[in-house]
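Student: Please take me through one buried spot in this model and what surrounds it. I am new to this structure, so take it slowly.

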Amino acid sequence: DPRIRPWYTSTQTESRVYWTDVYLFTTAQTPGISATYPVLDQYGNKAAVVGVNIALHSLSDFLSELEVSKNGVVFITNANHELIAFPDASKLTTVKADSNLRRVSLIHELPQKWIRDAYDHYRLNKQSRFVTHTEDEKYITTVAPFPKAFSSEWKVFVIIPERDVLGSVNKVLLETLAIVAGIFFLSLLAMQLFSRRIS
């Protein structure tokens with residue numbers, strides 16, 4: 001009976017679009033969200049609900065195509081610390097040990113410690129930009145909320161190893177040093193030739 005499901009019960013009698021947070025679709029067992037709209041009777045009571053399901057795998061596919069840096073990652077999470085979207089879509093769900101039923105994965109179930117450390121830092125400090133340390137590596141994190149028009153508290157995390165950022169800077173520095181060394185060498189050569197001509 002769909003009338004007992006959260007997407008139906010959370011739809012009120014105000015005529016507007018309602019959004020659910022992430023949940024597993026019953027049949028497909030994949031994470032998604034629903035957009036709903038109430039159908040009211042002549043007395044203003046909820047007579048029915050029109051709902052549209054939106055699977056989130058396409059969002060993860062989009063993130064997998066983003067290349068923020070060589071080893072960086074972009075993911076989306078909600079206020080319940082659940083994974084909304086992640087470049088590896090297989091990480092979005094996990095199987096409960098006690099019942100063998102699937103559920104939405106939590107951030108702390110990701111194998112990457114540097115992602116977990118960055119997320120814990122954000123939970124404690126609520127900073128939109130910060131640097132964390134994991135196993136002698138530095139990671140730069142930026143956090144941005146979804147627009148307020150979206151009812152769920154979703155946030156986008158971008159985490160980049162500092163070496164990825166400094167790698168491009170170091171490359172530019174090395175190229176600059178090579179150019180300077182080349183100019184210096186040519187200058188010395190020109191000065192020697194010029195001094196010989198004078199002598």
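Tutor: Thr141 is buried, with a relative accessible area of 0%; buried means under 20%, found with a 1.4 Å probe on protein chains only. The model is predicted, so local features need pLDDT of at least 70 and side-chain atom pairs count only at pLDDT 80 or more, while totals for chains, interfaces and linings use all residues. Residues are numbered from 1 along each chain as its sequence is written, and side-chain values use heavy atoms, without hydrogens or water.

Thr141 belongs to strand E10, residues 137–145 (strands, of at least two residues, and helices, H or I of at least four, are DSSP runs numbered from the N terminus). Leaving out residues up to four places away in sequence, Thr141 touches Ala118, Ser128, Arg129, Phe130, Phe157, Val158 and Ile159, where contact means heavy atoms within 4.5 Å.

Ile159 also appears in the largest nonpolar core, which has 18 residues (a set of buried Ala, Val, Leu, Ile, Met, Phe, Trp, Tyr and Cys joined through side-chain atoms within 4.5 Å). Val73, Phe75, Leu83, Phe86, Ile115 and Ile159 touch the most other members. At least two residues of this core come from each of strand E5 (73–77), helix H3 (113–125), E10 and strand E11 (155–161). H3 contributes the most, 5 residues.

Phe86, setting aside neighbours within four places in sequence, meets Ser60, Leu63, Val73, Phe75, Lys91, Leu92, Leu110, Gln112 and Ile115. Another core of 11 residues lies apart from the largest one, and its members include Leu24, Leu56, Leu63 and Val104.

Definitions and conventions. Buried means under 20% relative accessible area, exposed over 50%, partly exposed in between (1.4 Å probe, protein chains only).
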